[in-house]
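Student: I have a model open and don't know where to start. Could you show me how to read its features?

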Amino acid sequence: MKVLYDTILKAKYTGRPNRFVVTLDLNGESVLAHLPNPGRMWELLFTGVTMYIVPHDKPDAKTKYRVVGIERDGVVIMLDTNYSNDVAQHLIENKLIPGWEEWRIVRREYTVKLHGTSSRFDLLLTNDKGHEFLLEVKSCTLFSKTGAMFPDAITERGRKHLLHLKELQNEGYHTGVLFLVQWDKAQWFLPDYHTDLEFAKTFKEVATSLDWKAVAVAWDDTFTMPTVTHECSYPSSILDTEAHDSGVYVMVMHLDHDLDLEIGSKGMMHFKAGYYMYVGSAKANLTKRIERHKRKRKKMHWHLDYFRGHCEMIAGLPIRTSWADAECALADAVRGVAEWDVPKFGSSDCDCKSHLFGMTDNPIHNQSFMNVVEDYRMNMLDALVK
């Protein structure tokens, strides 16, 4: 069995200056490492978690090390997307993917021209009948306790790629996608309609036309080629009920100074410096509601409108759900992990103590807060999976 790296070191995650670089504690020394996976990975990157790194193989590289993996709950997760095609080839050649035993690799990085447009695909497969199979390979690192979703950031390119795969299918090609779910506890797979609703809608539209699979793979700390533990189910009915532009959200903001501010009819209120989490809901046009909150200039309407102009916006986290009581339940859950709240802010029309909560450090990097987001985005779907 092929081992992917000669020297693997363990380090502790301390920060992420940009999308492609992380800071690590390696035996007491602070080092920089290249992160070859550009995903947000908010659900994985917490201070102190174990990361696996290798010495950078490029002498002129800006960082001395390169990240290859991370741990979640003691389970090793592959992050090095440079090897996704190698892993897919290994699994296909060894007939480890259920239902694809007939296929074998012909070529990698195969380009197809259609109607004047060229597209490059990760793998070209064939079988004994001479059929050709154009395959895209995606690495999935967004997990819950028993689920997996893709992508973890908006990908218009990925959405167009799905449409092109369907178009090629209509032209007589055999096309598909292989999602490598890097979490062997995942039992089900869905497009992440919370993060990228348009991708999810497109996936739902083309899924029945494409030959696609999501397989859970298991790694260990030697990073030997993985095994397939099982194929993940696709509970598509969840998309029918949940994947709509409505639900609840959390706006994460940063106030860098203490502030006394008049909030509409509520009068003067005090806000201490720190990070704030505002919980709201939208019965329709959830995306536009979040975009409105991100803007500083607007007509004052909600309590948040008065506060927003004095803060740096960190993130808007949509949670698309059909659950009617989700807003107050989410507010209560966020309150449970926050350090303080602003009494009756944003909760004039309900019995909640508040819908605005504070924390000293950035909640995006706080595991307790991100666990709440994971619960409402993914873990609660377990009850709907059939």
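**Pockets, helices and a few odd spots**

Student: How do the residues of the lining of the second largest pocket divide by class?

Tutor: There are 10 nonpolar, four polar and 12 charged residues in that lining. Here Ala, Val, Leu, Ile, Met, Phe, Trp, Tyr, Cys and Pro count as nonpolar, Asp, Glu, Lys and Arg as charged, and the others, Gly among them, as polar. Before we go on, this is a predicted model, where local features need pLDDT of at least 70 and side-chain atom pairs pLDDT 80 or more, while totals for chains, interfaces and linings use all residues. Residues are numbered from 1 along each chain as its sequence is written, and side-chain values use heavy atoms, leaving out hydrogens and water.

Student: What counts as a pocket, and how much space lies in the second largest one?

Tutor: On a 1 Å grid over the protein atoms alone, a pocket is an open set of points where a 1.4 Å probe fits, with protein on both sides within 12 Å along at least five of seven lines; lining residues have an atom within 4 Å of a point. Points are joined across faces, edges and corners, and the volume is the space filled by probe spheres set on them. The second largest pocket holds about 500 Å³. Its lining has 26 residues, with Ile154, His194, Thr195, Gly316 and Pro318 closest to the centre. Two or more lining residues come from each of α3 (197–206), α5 (286–294) and β20, and β20 gives the most, six. Those element names are DSSP runs numbered from the N terminus: helices (H or I, at least four residues) and strands (E, at least two).

Student: And which residues lie nearest the centre of the largest pocket?

Tutor: Arg19, Asn37, Pro38, Gly39 and Thr81, out of 44 lining residues. This pocket has about 1,200 Å³ of space, and its lining splits into 18 nonpolar, 16 polar and 10 charged residues. Elements supplying at least two of them include β1 (9–18), α1 (84–93) and β20 (312–320). As for Arg19, look in the loop between β1 and β2 (21–26). Beyond its neighbours within four places in sequence, Arg19 is in contact (heavy atoms within 4.5 Å) with Leu35, Asn37 and Pro38. The C-alpha atoms of Arg19 and Trp188 are 28 Å apart, with their positions 169 residues apart along the chain.

Student: How should I read two packed helices?

Tutor: You give the angle between their axes and the distance between the axes. Axes are lines fitted to C-alpha atoms, for helices over the stretch in contact, and angles run from 0 to 180 degrees between N-to-C directions. Take α7 (326–337) and α8 (367–377): about 160 degrees, axes 9 Å apart. They are therefore roughly antiparallel (over 145 degrees; under 35 would be roughly parallel). Ala326, Ala329, Leu330, Ala333, Val334 and Val337 of α7 touch Ser368, Phe369, Val372 and Tyr376 of α8. That contact has nine nonpolar, one polar and no charged residues.

Student: Are α2 and α3 roughly parallel or antiparallel?

Tutor: Their axes cross at roughly 15 degrees and come within 9 Å, which makes α2 roughly parallel to α3. Gly158, Arg159, Leu162, Leu163 and Lys166 of α2 meet Glu198, Phe199, Thr202, Phe203, Glu205 and Val206 of α3. By class, that is five nonpolar, two polar and four charged residues.

Student: Where should I look for backbone oddities?

Tutor: Try the loop between β11 and α2, where Pro151 lies. The peptide bond from Phe150 to Pro151 is cis, with omega near 0 degrees. Then find Met41 in the loop between β3 (29–34) and β4 (50–55): Met41 isn't a glycine, yet has a positive phi of about 50 degrees.

Key: Parallel < 35°, antiparallel > 145°, perpendicular 65-115°, else oblique.
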